[in-house]
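Reader: I would like to go through the cavities, the ligand site, the pockets and the salt bridges of this protein. Please keep the answers short.

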Amino acid sequence: MGKSDLMLAIEDPAGFVSALLGWFDHSARPLPFRGTRDPYRIWVSEIMLQQTQVATVVPYFQRFVRQFPNVEALASAPLSAVLKLWEGLGYYTRARYLHQAAKRIVQEYKGRFPEQFEEWLTLPGIGRYTAAAIASIAFGQRVPVLDGNVMRVVCRLCAFDQNPKTSANQRKLWQFCADLLPLERPGDFNQAMMELGATVCVPKKPACLICPVATFCKGRAQGIAEQLPRMAKKAPVPHYTVAIGWVVKDGRLLIDQRAPEGFLGGLWELPGGKPKKGETLPQAVQREILEETAVQVDVGRRLCVVRHTYSHFQVSLNVYECHYVGGKARPTGCAAVRWAPFSHLKNYAFAAGTVKIFKKLGLEW
Ligand code: SF4
């Protein structure tokens, strides 16, 4: 593939690389997954950082590597323990894939991490960006990265005034990053581009006055940096109303586990669901509890309403106090059911919306 046309925007690529790396060496945030070439720590952090801010990831990362200090420890842990440590971080498929990939690294690679970008791509949960980040940072492979931060920086540097998300433009941007990548320190260069986007060339008000590459920036020179990148308008996020049951019997709370595959797979929650057409919320919660757990209830007052935003939709969780009437709890529409003592709840990995309900109802979490 030939050089990207966007490279014409950078008149002195070597000067750009040197200015960026010099800044990175002195100004990068000291993060617990920086300054290491340990592929395990880099891999875990990159998976956590997908869709999640650095400040949120740091305490999760520290707890995770404390409990699972290496790939063998992670591979031999039960999935429930991995999900428990992930509780509240969201996008739980990441945790399941991380666990699956750890097992494959132990079984197929005898615990030795693959070094090549192409090998990483074959592991669960690893896309082009993550494979390139790990291969370049841990193993010094010369492969470019393009995440949201880098995309914003590149669009501004080159005054790239088009929707960057079309496939043709994605190809151009990846090619630009590949062309700019130096032979020396490609992993540091990739991290420096991401760090610049995260701390200086931020979405709303880029700090051009302190930017180490301001003299190379066409977007700044043309006074359009803040308007870039030109993203297509997002579709509105759908909203659902959900009825949830709070069923207590003999001091134990009725909880159920979602099926292992799919959205929030393997996580625990309170039984409930969306009303069918013409159904009231109390009717819906009564039906859902029976369908999921074979437990019959009478529905009492509404205890609270909790709003929660998932990646692609929002929910209002209407929690109803329900009184046990009969039936032996069994998983008739879920993976497992428990009458859990309140003191044991913390042993289960719950969906983030359920944790919000617990907090709203005064449980310590
Ligand atoms: Fe971003 Fe401003 Fe730096 Fe350009 S000069 S890369 S717009 S922070």
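What follows is a set of questions and answers on a predicted model.

Reader: How many cavities of 30 Å³ or more does a search of the whole structure find?

Author: The search covers the whole structure and keeps cavities of 30 Å³ or more. The largest has a volume of about 110 Å³, and the second largest has about 40 Å³. The number of cavities found is two.

Reader: Which helix gives the largest share of the lining of the largest cavity?

Author: The lining of the largest cavity has 14 residues, and R156, C201, C208, C211 and C217 are those nearest its centre. Three residues of this lining come from one helix, spanning residues 148-157. The largest share is thus that of helix 9.

Reader: How many residues in the lining of the largest cavity are charged?

Author: Twelve residues of this lining are nonpolar and none is polar. Arg counts as charged, and R156 is one of the residues nearest the centre of the cavity. The charged residues number two.

Reader: Where does the ligand sit?

Author: Around the ligand are R156, V200, C201, P206, C208, C211, A214, C217, R220 and A225. By class, this shell has eight nonpolar, no polar and two charged residues. R156, C201, C208, C211 and C217 also lie nearest the centre of the largest cavity. The ligand sits in the largest cavity.

Reader: Which helix gives the most to the lining of the second largest cavity?

Author: V145, V150, C177, L180, F189, N190 and M193 line the second largest cavity. Helix 10 (167-180) and helix 11 (186-199) each supply at least two of these residues. With three residues, the helix that gives the most is helix 11.

Reader: Which residue is the polar one in the lining of the second largest cavity?

Author: The lining divides into six nonpolar residues, one polar and no charged. Val, Cys, Leu, Phe and Met count as nonpolar. The lining consists of V145, V150, C177, L180, F189, N190 and M193, so the polar one is N190.

Reader: Which residues lie closest to the centre of the largest pocket?

Author: The largest pocket has a volume of about 1,600 Å³, and 38 residues line it. Helix 2, helix 3 (54-67), helix 8 (128-139), helix 9 and helix 11 each give at least two residues to its lining. By class, the lining has 15 nonpolar, 15 polar and eight charged residues. Closest to the centre are L49, Q51, D147, G148 and N149.

Reader: How many nonpolar residues are in the lining of the second largest pocket?

Author: The second largest pocket holds about 520 Å³ of space. Its lining has 27 residues, with V242, R258, E269, G272 and G273 nearest the centre. At least two residues come from each of strand 1 (239-249), strand 2 (252-257), strand 4 (272-273), strand 6 (314-326) and helix 14 (352-360). Six lining residues are polar and six are charged, and the nonpolar ones number 15.

Reader: How many residues apart are R34 and E195?

Author: The side chains of R34 and E195 form a salt bridge, at 2.6 Å from N to O. R34 is in the loop between helix 1 (13-27) and helix 2 (39-49), whereas E195 is in helix 11, so the pair links distant parts of the chain. Both residues are buried. Along the chain, R34 and E195 are apart by 161 residues.

Reader: In the salt bridge of K84 with E87, which residue is buried?

Author: The closest N and O atoms of this salt bridge are 3.1 Å apart. K84 has 24% relative accessibility and therefore counts as partly exposed. Buried means under 20% relative accessible area. At 13%, the buried residue is E87.

Reader: Why are R104 and E108 separated by about one helical turn?

Author: R104 and E108 form a salt bridge, with the closest N and O atoms 3.1 Å apart. R104 counts as partly exposed because its relative accessibility is 25%. Both residues belong to helix 6 (residues 93-108), and they are separated by about one helical turn because their spacing is four residues.

Reader: Which residues are linked with E279 in a network of salt bridges?

Author: Side chains of opposite charge can pair when their charged atoms come close. The count for the model is 14 salt bridges. In the network, E279 is linked with R287, E288 and E291.

Technical notes:
Residues numbered from 1 in each chain as written. Predicted model: local features only at pLDDT ≥ 70, side-chain atom pairs only at ≥ 80, totals over all residues. Heavy atoms only, no water. 1 Å grid on protein atoms, 1.4 Å probe; cavity = no way out; pocket = protein on both sides within 12 Å on 5 of 7 lines; lining within 4 Å. Points joined across faces, edges and corners; volume = space filled by probe spheres on them. Salt bridge = Lys/Arg side-chain N within 4 Å of Asp/Glu carboxyl O. Buried < 20%, exposed > 50% of the residue type's maximum accessible area, 1.4 Å probe, protein only. Near = heavy atom within 4 Å. Sits in = over half its atoms within 2 Å of the grid points.
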